[in-house]
Each structure stands twice: as C-alpha cells, then as structure tokens.
Amino acid sequence: MRHLLRLPINGPKILRIMWLAVSPLKLRNISRLLCTSPFQGENGTQCKKALQSDPQLFEVQFEELVSDLTERDLSDPVLTDALNRLKEVLLYNAPGGKRNRGLSVIGSLRELVPPAQLPQDTVQRALLVGWCIELLQAFFLVADDIMDASVTRRGQPCWYKKDGIGLDAVNDAFLLEGSIYRLLRKYCRDQPYYVHLLELFTETSFQTELGQALDLMTAPPGHIDLNRFTIQRYKAIVKYKTAFYSFYLPVAAAMYMAGIESEVEHNNAKHILLEMGEFFQIQDDYLDCYGDPAVTGKIGTDIQDNKCSWLVVTALEVMTHAQRAELEACYGRHDDASVEKVKALYHTLQMPALYHKYEDQSYQRLQKLIACHAQNLPHSVFLNFAKKIYKRNK
C-alpha cells in the first residue's frame, strides 16, 4: 500500500512530496523515523534531529513489532488472553540486554552497502531482522535459565522465577521462537534473501541447541567429573552454544541482505566471527566469577552449577594434584564455603592474570584473521564488533 506524505517546505533539501512504500506498521511512526531536519512533525510539533541513531530507531522498531505480534497479527477474539501473555513475555524478556547482536545487523549492513543504496524500507527490515535475533536470544535465555536454575537475568528475576510463571515459561520460550518466523514471513517474504534468512535462523538455532546439549551432558547436575572438562570439549560447547548465534548470525544476515551469497565469503566471515565468539564466552566465564553483579545484571553461579567454564578448564591445566583434589571436593557444591574455596584456588593460580594474557593474545589472533580472511569484506564489519566486546565489564 502506498501512502502520500506531504511535508512543508523548509529549505532546498526538503522534498514537497515523498512517496513511501510502507506497511501500516511503519506509517504510524514514520514522521518520527524520518524526522532529521527541523520541519513540522506529527501533531504540528517541531522535530529536531529526532531518532537519527540506530539504537533509537531500534527502540521504535521494538514497540512496533510488539504491537504487530499482539494486536494486528491475529484477530480471533478467543486468543485475547494468549496474546496478552505473549505481550507480557516480549516486554519482560526481549529488552534490557546490550543489544549488540540485533544492532550488528544494521551496523554491518551500513558497512556493506553505500548509503545511497540503503533506502528506508531496507533499514526498517534490517532493524526487524536484528530484533528477530534478539528474540532468538530471549528464547534461548528463558529456557537456559530454567535448565541452570538461575536466579537473576539482566538485573531482574529470571522469567520462570516470577510469581505465577514457573514451568509455564517453557511454552513462553516457544512463543518467543515462533514470533521470529511470523515477523520474517510478514516483512521479508518478498525479498530475494528470504529463504537464506530462514535457513540461517533454523540452522543457527539447531547449532545452538547442539551446543546446549554438549554443555548439559558435560556437567550433569549432581555428577562431578572433572575429567570431562577438557579444552577441546570447552571449545566445542562455546562454538556451537554461543559463537554461531551471537556473532556469525547477525553478520551473515546482513551479508545476505546486501546480496552477498558467496559461500566462500560467508566462510571467511565465519572464521573471524567464531574466534570472536570464543573470546566473548571466555569473557562471560570470567565475569561470572569476577564481575560485579550490579554491573553485569546477574549473579554468577558457574562454580555451583558445575559448569565447564574457561576458568576451571584452564585451572585444571596448571594446578597440582593436591589442588585438583581440593577442586574436586568443592566444585559443583552450593554451600558458600565450597564456592569461596574454589575462588581462593583461582586466586592462588592467578587466573585473572592468565585471563588478561589470553585477552591480549586473542585480539592479536583476530587482527591476523581479519587480514587473512576479510580481503573482500570491509574490515570495519569485524572491528566494530570487536570494539563492543574487548575490555567489556558486563
């Protein structure tokens, strides 16, 4: 549907009439989204460089997709209660994170496509695809928190911990996943990259679920077996559980949207991004033990949960037999005394120093990978990602 938008003249760069091919979803806030000069906005108000940045546009897009999924998509009145529940699930679980994954779609697309070839409807789709990745993240986290018996997430109680939710959160996780494909179908079905996106999301979801399976099998509750905690198993868990969906997925989506379908170029990007994803998870493991919960938004429980984390895997490689015996006696225990003994052991082994050394080495490896594998891709795609994660504290 085409809508005619009339704008008052305010200088030579303002067009009197703009034809915009937009859906009703986009029309409601279109004057705000396009308001980058001081002409009259909706309701006669003055707009002054409102919502220029991608994070601001991303915020508006979330408001629209929630309305779209819960108010405009299905109209059967018998679904009112279920759709109200979906809205509650979306509002509680999707916002609140760093949004690096979602914003990396539009960020990468801007590096891959010249501004003149990036019309507003393409920007809108990139923002929407970014939110689909955030919904995938929310789906994984809601389920993961149940499996790990976590307490807090992003500075608030885990969804299943809220009064009246409990294990109903399992179905809520399915609702989050299902929302992804409704949005992709509605807004990308007529695009040449639609099938690529569907295959990318389904393949990445399966890879992540395989990684979660490895994680659960490596450290089953109540069964402590440090022999399972090898660097090879750790890297496999990280690659499949974290790196594919957190790093490769957003950049690969942007590449497909930019018309880059070459398997060679996607593999080149994958080499770089999986290295980044591995370091990102190692950071998470480090922050679980050494981060400030007031900053990270969650209370670390890797020691209590018998997790195959970078800290314990690395410690096992350098500790003595006596230290290993102490670790076996305390790791995976929930009492405070055992947790503190493990942390004291990490301190003795100088784990923070080993971590910072690894951080520097990882950044150097990343630079070499970019030089080797990004010969036909903008280095900025990968460097922008690196800037967001290196030296982070949450």
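Two residues are in contact when heavy atoms of one lie within 4.5 Å of heavy atoms of the other. The model used in these exercises is predicted.

**Exercise 1. Place His379 and list what it touches.**

Task: State which helix holds His379, and which residues it touches beyond four places away in sequence.

Step 1. His379 belongs to helix H16, which covers residues 379-389.
Step 2. Leave out residues up to four places away; His379 then touches Ile370, Ala371 and Ala374.
Step 3. Ala374 also offers its backbone oxygen, which the side chain of His379 reaches at 3.3 Å.
Step 4. Now look along the chain. Glu111 is 268 residues from His379 in sequence, yet their C-alpha atoms are 9.0 Å apart in space.

**Exercise 2. Is His379 buried, partly exposed or exposed?**

Step 1. Buried means under 20% relative accessible area, and exposed means over 50%.
Step 2. His379 has 37% relative accessibility, so it counts as partly exposed.

**Exercise 3. Describe how H10 packs on H15.**

Task: Give the angle, the axis distance and the handedness for this pair.

Step 1. Helix H10 spans residues 263-290 and helix H15 spans residues 351-373.
Step 2. Their axes are 9 Å apart, at an angle of about 165 degrees. Angles over 145 degrees count as roughly antiparallel, so H10 is roughly antiparallel to H15.
Step 3. The crossing of H10 and H15 is left-handed.
Step 4. By class, this contact has 13 nonpolar, 6 polar and 4 charged residues.
Step 5. Check some names. The H10 side includes His271, Phe279 and Tyr286, and the H15 side includes Tyr355, Arg365 and Ile370. Ile370 is also one of the residues that His379 touches.

**Exercise 4. Do the same for H3 and H5.**

Task: Find the angle between H3 and H5, and name the residues that meet.

Step 1. Helix H3 (residues 54-72) and helix H5 (residues 100-112) cross at roughly 130 degrees, and their axes come within 10 Å.
Step 2. That angle makes H3 oblique to H5.
Step 3. The crossing of H3 and H5 is right-handed.
Step 4. Asp54, Pro55, Leu57 and Phe58 in H3 meet Gly102, Leu103, Ile106 and Arg110 in H5. By class, these are 5 nonpolar, 1 polar and 2 charged residues.

**Exercise 5. Step back to the whole chain.**

Task: How many helices and strands does the protein chain have, and what share of its residues is buried?

Step 1. The secondary structure comes to 16 helices and 4 strands.
Step 2. The chain has 394 residues, of which 50% count as buried.
Step 3. Take the contacts with a separation of 6 or more. Residues 24 or more positions apart account for 70% of them.

Definitions and conventions: Residues numbered from 1 in each chain as written. Predicted model: local features only at pLDDT ≥ 70, side-chain atom pairs only at ≥ 80, totals over all residues. Heavy atoms only, no water. Helix = DSSP H or I, 4+ residues; strand = E, 2+ residues; numbered from the N terminus. Buried < 20%, exposed > 50% of the residue type's maximum accessible area, 1.4 Å probe, protein only. Polar contact = N/O pair within 3.5 Å; in protein donor to acceptor, adjacent residues only side chain to side chain. Axes fitted to C-alpha atoms, helices over the stretch in contact; angles between N-to-C directions. Parallel < 35°, antiparallel > 145°, perpendicular 65-115°, else oblique. Left-handed = near helix turned anticlockwise from the far one by under 90°. Nonpolar A, V, L, I, M, F, W, Y, C, P; charged D, E, K, R; others polar.
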